[in-house]
Every structure is written in structure tokens, then in C-alpha cells.
Amino acid sequence: MTAAAAAFVQLPGSLLENSRQNALSTIENDTTDWNGPFSSSSSTENSVFLEVREKLKADLEALAFRTERGFKATDQERTEARHLIFQLSECNPTPEPLSSYYNNDDDSCDHENSNNKYATLQGDWSLIYTDAPDILGLDSNNDSSSSLLQLATLGRIGQQCDPPYIRNVIEWLRPAWADALPLAGTEQSRVVQKVVTQAQALPEAPRRCTLTLVGLEIDTDDDENSNVNNSNKRRSLPETLQQRGLVATLVARAPVKQWRG
């Protein structure tokens, strides 16, 4: 069985700024504990390492854009992407990306320190490429036979890594055919689905974690929703319906949060 591959970029303003704000993170379900081939501390070899890593990132980002996050990738392009992801994994300068899931030391989550020693997966990430069948099956845009039945358009896919949880995020947008319908909202109308897992990691295996499904959240995931009970900041119902549409309005006012136990 071949494991799926995926690549993410960190969103600006996330919980922790890694060594680069938009540093590319690669994740494979069958991750091996690679130490990477670049162990020398000489300035010349470090320069070569950085050049190679940036080239790999650029190549993968270009492929991800060209294939629309992998949804339109050919077999050859999927092979190319997996090769790039494997090479990037070996160039990973972060020794303990999961340290925030087993280390409560404040130094391990130092937001001001950009040294790779402190960089972790903690933060908000956006998917730029995947070949996972369960993700690729979410987008019905490529299936003309189901276009008329499409109730929502697939938007951003990502992960929120906030120890001890990892939330798999899927954003659903209003479909184009609903433009002329009353109470359909705007192009920004959205509903956000989050599958919540609890992550466990150990210092002995700082690049592996075990995920346990613990809940499901459905919300609109925007600033106004956090103020939904604040009468001074809350829009009137007609204004909200006009801006968000009926579905997103109902979800914003009655978000779903189902947790095990």
C-alpha cells in the first residue's frame, strides 16, 4: 500500500512563525525519521543546502499551482511531486518538528526565536498539494455529471496545529450556480468543517505522531462569529443574511461542536 503525500505552507499570522513565514512543510503518512544528508556546518555547504532547498520548494510550489493542488495531476506529475517531497523531507532542518506536542518548556514555543531548533508544526497551515484519494474525492468540479448537484465549492484545505490537537480544516464556499438565488450570500460566504484529532508524540520519535479522532466542528471561522453574542458588534439579521447567506448564517448562530466523551 502506497501512502499519500501532501505539502502545506504556513499561513501569515499563525500561532508560531517558523524559520520562514511561508516555509514549506512536507508530510507523508509513512514518514521515516530522516536526519538529512546535510550535516556539515561549513558556510559553503550551508549555502549549497539553502540553494537546493529553495529550488525544491519552488519546483513543488510550481507543480502544485499547475495541477491545482494535485486535483488535476497526471500520474507523471504525482510521481514528480512525491520525488520532490521526499527530497525536501531529507532537507528538513528542523530536528524536532513535533516538540510542541510533548514539550511544555516555554523555550520550545518561543515565538520570537526563528532558529530551526525552536521551529515546530504549531500554527495554521494551508494545503498546496496532495495525492490522497480521500481529499481528491472532495472536489466535484472535475466531474461534469455532478456539477448540477454540487451544493458547495471546495475552498481552502488546511490544518490547525494547536497542541494537543490537530484540526483538519475544509472550507466550503457558495457554488457559482447559486449567484442569482435569494439569501445565497456573497462569494465570501463559507462554512468551515474541522475534524478534530488529538496528537501524541514522543521525544524519541520527534517526526512521528499518533492521531486519535476526538470531535467534529462546523463553523464559519471568522471574526464576526467570535462576536456573535456581542450586540454592539453583531449585524442585524437581514444584513447577515445578505452578506453570508442563509446556510452560513444558521451555522454562525448555531455552530456544531461534537466531541467524544
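Visitor: Which residues of helix 6 are buried?

Guide: Buried denotes under 20% relative accessible area, exposed over 50%, and partly exposed the range in between, computed with a 1.4 Å probe on protein chains only. Helices (H or I, at least four residues) and strands (E, at least two) are DSSP runs, numbered from the N terminus. In helix 6 (residues 246-253), Ala248, Thr249, Val251 and Ala252 are buried. Viewed down the axis of helix 6, these buried residues fall within an arc of 165°, so they line one face of the helix. The arc is taken over the directions from the helix axis to the C-beta atoms. Val247 and Leu250 are exposed, on the face turned away from the buried side of helix 6.

Visitor: On what kind of model do these values rest?

Guide: The model is predicted: local features need pLDDT of at least 70, side-chain atom pairs count only at pLDDT 80 or more, and totals for chains, interfaces and linings use all residues. Residues are numbered from 1 along each chain as its sequence is written, and side-chain values use heavy atoms, with hydrogens and water left out.

Visitor: Which residues of helix 5 are buried?

Guide: Thr240, Leu241 and Arg244 are buried in helix 5 (residues 237-244). They cover an arc of only 100° around the axis, which puts them on the same side of helix 5. Pro238 and Gln242 are exposed on the other side of that helix. Just after helix 5, glycine 245 adopts a positive phi of about 95°.

Visitor: How should one read backbone angles at residues other than glycine?

Guide: Most residues other than glycine have a negative phi, and most peptide bonds are trans. Arginine 69, although not a glycine, has a positive phi of about 65°; its place is in the loop between helix 1 (43-66) and helix 2 (75-90). Leucine 183, likewise not a glycine, has a positive phi of about 60°. Leucine 183 belongs to the loop between strand 5 and strand 6, and it counts as partly exposed because its relative accessibility is 47%.

Visitor: Is the peptide bond from proline 163 to proline 164 cis or trans?

Guide: That bond is cis, with omega near 5°. Proline 164 lies in the loop between strand 4 and strand 5.

Visitor: How does one read the pairing of strands 5, 6 and 7?

Guide: Two strands pair if DSSP finds at least two bridges between them. Strand 5 (residues 165-173) and strand 6 (residues 190-202) pair in the antiparallel sense over 9 bridges, and tryptophan 172 has valine 191 in strand 6 as its bridge partner. Strand 6 also runs antiparallel to strand 7 (residues 205-219), joined by 10 bridges. These two strands form a hairpin with 2 residues between them, and leucine 202 stands opposite alanine 205 in strand 7.

Visitor: How many disulfides are found?

Guide: A disulfide is a pair of cysteine sulfur atoms within 2.5 Å. A search of the whole structure gives 0 disulfides. For cysteine 161, the nearest cysteine sulfur is that of cysteine 209, 8.3 Å away. Cysteine 161 counts as buried because its relative accessibility is 2%.

Visitor: Where does aspartate 139 lie?

Guide: Aspartate 139 is in the loop between helix 3 (133-136) and strand 4 (153-162). Contact means heavy atoms within 4.5 Å; aspartate 139 touches Phe71 and Leu154, not counting residues up to four places away in sequence.
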